[in-house]
Amino acid sequence: MSIIMKNSKERSRIRKIAFWPAFLLLFGSLVYSIVDRDGFYAMADAANTWVLNHFGWTYSLTSFLCLVAVAVAYFSPLGNVILGGKDAKPILSKKNWATITLCTAMAAGALFWGIAEPVYHMSSPPAGLEPNTWESAKFAMETMVLHWSIHPYSLYTLPVIAFAFAFFNMKKPFSVASQLSIITDKLHIKTVGDSKFPQILDTILLFAMGLGILGVICTGTLNMGGALQELSKMESKSTAWLIILAIVTVCFIISSVSGIQKGIKLLSNINVVIYLVILAVLFILGPSMFMIDGTAEAVGGTFSQLSSKLLTTGAYASDPWAKSWTVFYAGSWASWAPISACFLARLGVGYKIKDLIKINFGIPILFNIVWCGVFSNLAINYQLTGKLDLIHILETKGAEGVIYSIFRDMPGSTFIILLFFAALMFSMITAMDSTTNSIAALSTSGISPKEQEAPVFLKVMWGVMFAVLSYIMLTISGIDGIKLVSNLGGLPNIFILLGGVFCVFVISSNVTKYNLVDKVNQKKEE
């Protein structure tokens, strides 16, 4: 009994250096945004402009290098390594693993931008393209394939590989610093116990991810507010947002208390079913052949120019488009990647790294290409055929107006909007659950391959903080302010991702040297 109590205390002990600075910075941001709304927005705007102007090129380069590193890991001997060693047992079936991973990474982003984003690109394409033409339409669909498949999942998957191998096979601690294990070992930087370096690194990235999760929660809330307005005529304003965030937070707490094996697994399975139903409905009711033909053409165009599309900065044309979209997305996703990796990597124990890459990279890419092939081509077809002037709707009613204008025009519009609302709801709950699980785990000690659940009280505390801060951000500046804040969180994480790329390259070149778990098992057998 005394051993159990000791272990319980160890698991619930807060890592003070990792927890308090990040928590206080986010809380300070909340207070500042309430006291001086205009000042908070002006500061975020100035910081975002500076980051994009000075570090935008690193965002593009990092995404490209992550893609290369993922490919190297898959085809090298590293791909055949079993996470945790050959005796490790999986905690999830591949089906449940895939659904949790898909819902965690996809969140509410693709639901919101899947229809609205291509209209932005047709309305204001980069230099050299005329707005509202077939050329801008083709470019818009190719951009959707890039922005919601290869681009984000390269950034997501690389840190998952780096952390999973370090945590399970190198016996490194549960810290983002473990993604840099090769570097820290070579520099003789201590990362175990109460070492300050991993805690300092974790608190910086906890704050960065806190900014990133705001973008997801706010985007989902705005979208759900639009759906609620369509269904009940309640305006998508502060009262509706408050109700939505309160319901989502309560549901997230219930899921969080249930743990990975119950709450988030069940939610993800339900969510994927809703995704598939809404895809089928829109495909059947929409311009089906146009969706198939357009997707095939867009995939071909994207992959044939993949390097140039990933590395574009708009420098030669002095065009802000790339920094406003492709570069911005890299920053936004980077704000999530290193810390969400700590959650996603834990799901892969007992499986090969090749399986990890298939689940975290291959399946989400295929799913999101299909998703955009239906949603984005639906919007593009409406605009090209003149069925609805979506560009005018975008300019007068905003992104939410585009989405629900299309849904209202389709047969069974109420059913479609209800499905969409449910998908958004489950996506937000899943995103909050998985994110706060990672953040809470990094805020405490005692997380190990055998004990992977973070204390519930920490998950709840972080979740409530994010919900409150999201509500404040929505009432201050809407979608523009959200984009600014979420992008800022990516800057420190870019350097972690680059370090992770280096580590994966080194490990791939000599897997036997670094795979400590298999070395120990071999000695036992001898």
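Select Thr436 to begin, and you will find that this residue lies in helix α18, which covers residues 413-443, in what is a predicted model. Once Thr436 is highlighted, ask whether this residue is buried or exposed. Thr436 has a relative accessible area of 1%, and because buried means under 20% relative accessible area, Thr436 counts as buried.

Next, display the side chain of Thr436 together with Asp433, where the side chain of Thr436 reaches the backbone oxygen of Asp433 at 3.2 Å.

Now add the residues around it, leaving aside those up to four places away in sequence: Thr436 touches Phe252, Lys459, Trp462, Gly463 and Phe466.

From here, select the whole protein and show it as a cartoon, in which the secondary structure comes to 22 helices and zero strands. If you turn the C-alpha trace along its principal axes, the protein spans about 70 × 50 × 40 Å. A compact globule with 526 residues would have a radius of gyration near 24 Å, and the 22 Å of the protein agrees with this.

Keep the whole protein selected and consider its contacts: among those between residues at least 6 apart in sequence, 83% join residues at least 24 apart.

Then switch to a surface view, where the protein exposes about 20100 Å², with carbon and sulfur atoms supplying 66% of that area, while 60% of the 526 residues count as buried.

As a last stop, colour the charged residues, and you can look for 37 positive and 29 negative charges, whose mean positions are 14 Å apart.

Note on methods: Residues are numbered from 1 along each chain as its sequence is written. This is a predicted model: local features need pLDDT of at least 70, side-chain atom pairs count only at pLDDT 80 or more; totals for chains, interfaces and linings use all residues. Side-chain values use heavy atoms; hydrogens and water are left out. Helices (H or I, at least four residues) and strands (E, at least two) are DSSP runs, numbered from the N terminus. The radius of gyration is taken over C-alpha atoms; the globule rule is 2.2 Å times the number of residues to the power 0.38. Buried means under 20% relative accessible area, exposed over 50%, partly exposed in between (1.4 Å probe, protein chains only). Contact means heavy atoms within 4.5 Å. Accessible areas come from the Shrake-Rupley method with a 1.4 Å probe; for residues, only the protein chains shown count as cover. Lys and Arg count as positive and Asp and Glu as negative; His and the chain ends are not counted. The place of a charge is taken as NZ of Lys, CZ of Arg, CG of Asp or CD of Glu. A polar contact is a pair of N or O atoms within 3.5 Å; within protein, one must be able to donate a hydrogen and the other to accept it, and residues adjacent in sequence count only if both atoms are side-chain atoms.
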